[in-house]
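Hi,

Here is the model I promised to pass along. Have a look at it first, and then read on for my notes.

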Amino acid sequence: RESDHRAWTPVSYTVTRQNATIQGLIQGKAYFFRIAAENIIGMGPFTETTKEILIRDPITVPDRPEDLEVKAVTKNSVTLTWNPPKYNGGSDITMYVLESRLIGKDKFHKVTKEKMLDRKFTVEGLKEGDTYEYRVSACNIVGQGKPSFCTKPITCKDEIAPPTLDLDVRDKLIVRVGEAFSLTGRYSGKPAPKVTWLKDDIVVKEDDRTKIKTTPTTLCLGILKSVREDTGKYCVTVENSTGSRKGFCQVNVVDRPSPPVGPVIFDEVFKDHMVVSWKPPLDDGGSEITNYIIEKKDTHKDLWMPVTSATVKTTCKIPKLLEGREYQIRIYAENLYGISDPLISDEMKAKDRFRVPDAPEQPIIKDVTKDSAVVVWNKPYDGGKPITNYIVEKKETMATRWVRVTKDPIFPGTMFKVPDLLEGCQYEFRVSAENEIGVGDPSPPSKPIFARDPIGKPSPPVNPEAVDKTKNSVDLSWQPPRHDGNGKIIGYLIEYQKVGDEEWKQANLTADSCPETNYKVTGLTEGLTYKFRVKAVNAAGESDPAHVPDPVEVKDRLEPPELILDANMAREQHVKAGDTLRLSAVIKGVPFPKVTWKKEDHEVSPKADIEVTGVGSKLEIRNTVHEDGGMYSLTVENPAGSKTVSVKVVVLDKPGPPRNLKISDVRSDSCYLTWMEPEDDGGSVITNYVVERKDVASAQWVAISSSSKKRSHMAKYLMEGTQYLFRVAAENQYGRGPYVETLKPIKAIDPLHPPGPPKNLHHVDVDKTEVSLVWNRPDRDGGAEITGYLVEYQEDGADEWTKFQTVPMLDCVVTGL
């Protein structure tokens with residue numbers, strides 16, 4: 001229970017141990033507690049705490065301080081810092097106790113003054129060279145806590161560290177004239193280093209524009225309103241007893257350039273242009289000169305005219321001048337940062353001092369081949385300036401445009417071998433001279449030449465021989481000469497000599513009458529023997545003769561006929577109706593055989609065109625029809641024999657009409673058609689039959705089947721009582737043949753049968769010589785209207801019936817009995 005209350009509050013009824021933890025108490029309040037034991041009989045008396053218990057956390061000494069560090073060491077002092085303990089023991093820290101121990105001794109000695117709450121302390125009055133270790137403890141109202149972990153052994157001596165340097169600028173810095181710039185950085189070192197600034201190895205001193213600022217950790221050099229002279233290599237040195245560090249920065253203070261350096265030199269002066277030169281500016285403004293701006297001015301005018309602003313050379317051509325006028329030139333230099341002041345030239349008059357070379361004399365052409373020629377000329381007057389190049393040009397005589405023969409310079413020689421001519425073309429050439437003023441006028445054109453190799457006489461023809469003969473002629477053949485003498489072979493001269501004579505006679509008068517390598521020598525005498533020879537001719541003349549090896553006796557040569565069949569004379573030739581039939585063969589034989597064409601051993605049709613040439617024969621029939629098919633034969637015959645070949649020609653056409661068209665099984669709505677295949681299938685298989693019908697009252701045929709391969713068809717869907725005609729045609733791959741038609745129409749009706757017997761025949765009256773009969777109509781009329789009833793009678797016991805008469809009605813009186 002709370003000390004100021006009377007009522008007890010149970011905490012637990014199930015405690016079996018001899019201890020218990022009471023939770024849910026309020027910090028700062030005082031409580032009494034009591035305990036009773038209990039068994040199965042009941043609860044015993046309570047035992048009560050003798051005094052009240054105040055609820056609060058227990059107070060202990062603080063934990064050990066943390067992070068004890070040595071911050072500085074000198075030869076007679078050590079500076080240390082630390083952090084408070086994680087737990088103060090439940091009571092505020094009242095002071096810290098710092099202790100030291102000289103290495104070699106056992107005990108720690110207190111070095112802090114009383115009541116020190118700072119967490120930083122400098123131990124002074126130490127002896128240089130001694131080594132100590134340190135620890136620190138925290139105190140609260142309970143007492144002094146555990147000491148911190150010891151520092152490493154610390155020897156009393158001055159601390160040193162080599163300098164470090166970290167600049168904020170790059171290796172190069174570009175600054176416009178008039179702008180400020182600064183070089184900054186950080187440094188460190190023990191003892192504190194000395195900072196020195198240099199520019200191009202000279203110490204920088206402060207003045208109105210130059211400011212230097214140094215702190216224990218930073219350094220800065222600042223320059224206000226920079227000028228070109230501030231350009232240079234800046235160096236900062238950080239130095240102490242342990243060493244030094246240097247940092248560099250190349251500062252480039254840039255400006256527009258100074259003017260180009262004069263005077264302006266007039267290197268060349270002409271009536272319409274000048275060439276001037278100058279020297280670069282002494283100061284390029286710290287940036288490469290990107291270009292020069294050149295302007296000209298007629299001294300009679302105040303206007304400066306631009307010439308160019310794109311040149312980077314220190315020389316320039318001033319064009320478009322007026323002869324006799326005086327001009328001034330002014331030149332600016334330009335870099336990335338601006339344009340300089342100008343350099344202005346003296347006045348100079350535009351007039352010629354020199355001129356281009358004169359035109360050379362007409363060139364001479366030598367050593368012409370099929371693709372080259374050598375052009376030779378004399379040196380002309382050079383116009384006052386040395387000739388530096390010759391320009392050789394060519395053109396075909398029929399062309400209008402001159403073309404340079406080479407882009408390479410031709411100098412100092414006055415001849416040039418022109419390559420790459422087209423064989424057989426005619427060319428002219430001309431030459432121009434060039435000096436530094438320009439190109440002079442061209443020479444007069446050379447005499448025209450043809451691009452071809454020099455021509456000599458050809459070598460003799462090769463292997464002349466007699467290849468055929470008759471009773472008055474000989475056929476000669478040979479190969480062209482091995483060498484044409486670089487000239488085109490115009491033709492050949494053929495000569496012959498009768499054996500025993502000395503004189504050679506010409507078979508042809510001019511070479512161009514025999515351009516080929518064969519010739520028929522005619523007008524010879526039968527039975528005589530001749531020698532033959534052949535000469536080749538070009539523009540340079542005749543070759544030596546080539547002789548036919550053996551003399552030739554002039555007489556007819558006998559060779560039996562020979563047939564060389566063309567592809568269209570195979571054993572069987574198919575041709576589509578309407579196309580052209582061609583049969584041909586090559587024919588040989590001496591003398592040339594007689595040619596005979598036949599069809600089935602008869603003369604061929606008059607519509608056939610037959611052509612016979614000296615080497616073969618051809619038969620041609622245009623617009624073929626089926627009747628043109630059959631067996632064709634070609635016979636060739638001469639005194640040495642004969643030969644015959646045959647070819648079967650099939651003219652592929654539409655089939656003929658089907659045969660024997662019959663109609664059966666006629667009904668009121670159908671009938672059955674049968675037929676036989678055509679006699680002639682047109683040379684191709686029948687693919688199908690087309691069946692059509694027509695109402696006799698209509699003009700239009702209607703197809704009822706177009707794909708049937710059978711030779712019969714059931715015609716359905718007829719109109720009862722209507723009369724129909726039918727027709728059938730056969731088809732193959734070449735088309736539809738003619739129709740075969742029924743001769744007379746058929747009527748769509750069912751077939752007729754005899755009627756059934758009359759029903760219920762009985763007599764209604766009897767007399768001595770006659771009987772009155774009546775009956776009913778039969779059940780079926782047989783497909784047609786009943787026209788009458790035949791009445792017969794038979795005497796009882798007799799075998800035969802006797803006809804009485806035919807009556808139209810359902811009654812009859814039989815008389816004469």
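Which residues does N538 touch, not counting residues up to four places away in sequence? Bear in mind that this is a predicted model. The list for N538 runs to I455, G456, K457, P458, D484, G485, G487, K488, I489 and I490. N538 itself sits in strand β43, which covers residues 529-538. With a relative accessible area of 2%, N538 is buried. Its side chain also has polar partners on the backbone: a polar atom of that side chain lies 2.9 Å from the backbone oxygen of D484, and the side chain reaches the backbone nitrogen of A540 at 2.8 Å. D484 therefore turns up twice for N538, once in the contact list and once as a polar partner.

Next, the charged pairs. The count of salt bridges comes to 30. Here are a few of them:

- K535 and E542 meet through their side chains at 3.4 Å, N to O. K535 is buried at 13% relative accessibility, whereas E542 is partly exposed at 38%.
- E677 and R659 form a salt bridge at 3.9 Å, N to O. This pair links distant parts of the chain, 18 residues apart: E677 is in the loop between β57 (671-676) and β58 (688-695), and R659 is in strand β56 (residues 659-664). Both ends are partly exposed, E677 with a relative accessible area of 33% and R659 with 29%.
- E731 and R736 meet at 2.7 Å, N to O. E731 is buried, with 17% relative accessible area, while R736 counts as partly exposed at 36%.

There is also a network to look at: E495, R533, K535 and E542 are joined into one by salt bridges that share partners. The K535 and E542 pair from the list above belongs to that network.

On to the cysteines. How many disulfides does the count come to? Zero. Take C249 as an example: the closest cysteine sulfur is in C235, and it is 11 Å from the sulfur of C249, so the two are too far apart for a bond. The cut-off here is 2.5 Å between sulfur atoms. C249 is buried, at 2% relative accessibility. C671 also counts as buried, at 0%.

Now some backbone geometry you may want to check before setting anything up. Most residues other than glycine have a negative phi, and most peptide bonds are trans. Against that background, these spots are worth a look:

- The peptide bond from G262 to P263 is cis, with omega near 0°. P263 lies in strand β21, residues 261-269.
- F411 and P412 are likewise joined by a cis peptide bond, with omega about 0°. P412 is in the loop between β33 (403-404) and β34 (415-418).
- D601 has a positive phi, near 65°. Its place is in the loop between β50 (594-599) and β51 (602-603), and D601 is exposed, with a relative accessible area of 65%.
- N760 has a positive phi too, near 55°. N760 is found in strand β65, residues 759-766, and counts as partly exposed at 48% relative accessibility.

What about the pairing of I154 with T131: how far apart are they in sequence and in space? The two are 23 residues apart in sequence, and their C-alpha atoms are 5.2 Å apart. I154 lies in strand β11 and is buried at 8% relative accessibility. Leaving aside neighbours within four places in sequence, I154 is in contact with V70, V73, V78, D130, T131, Y132 and Y134.

Finally, the surface. I59, V61, I141 and V142 form a nonpolar patch there, and together they have about 330 Å² of accessible area. V142 is in the loop between β10 (131-139) and β11 (154-155). At 43% relative accessibility, V142 counts as partly exposed.

That's the tour; shout if something looks odd when you load it.

Cheers

Technical notes:
Residues numbered from 1 in each chain as written. Predicted model: local features only at pLDDT ≥ 70, side-chain atom pairs only at ≥ 80, totals over all residues. Heavy atoms only, no water. Patch = residues over 30% accessible without salt bridge, like charges linked within 9 Å, V, L, I, M, F, W, Y side chains within 5 Å. Areas by Shrake-Rupley, 256 points an atom, 1.4 Å probe, with all protein chains shown as cover. Salt bridge = Lys/Arg side-chain N within 4 Å of Asp/Glu carboxyl O. Helix = DSSP H or I, 4+ residues; strand = E, 2+ residues; numbered from the N terminus. Buried < 20%, exposed > 50% of the residue type's maximum accessible area, 1.4 Å probe, protein only. Polar contact = N/O pair within 3.5 Å; in protein donor to acceptor, adjacent residues only side chain to side chain. Contact = heavy atoms within 4.5 Å.
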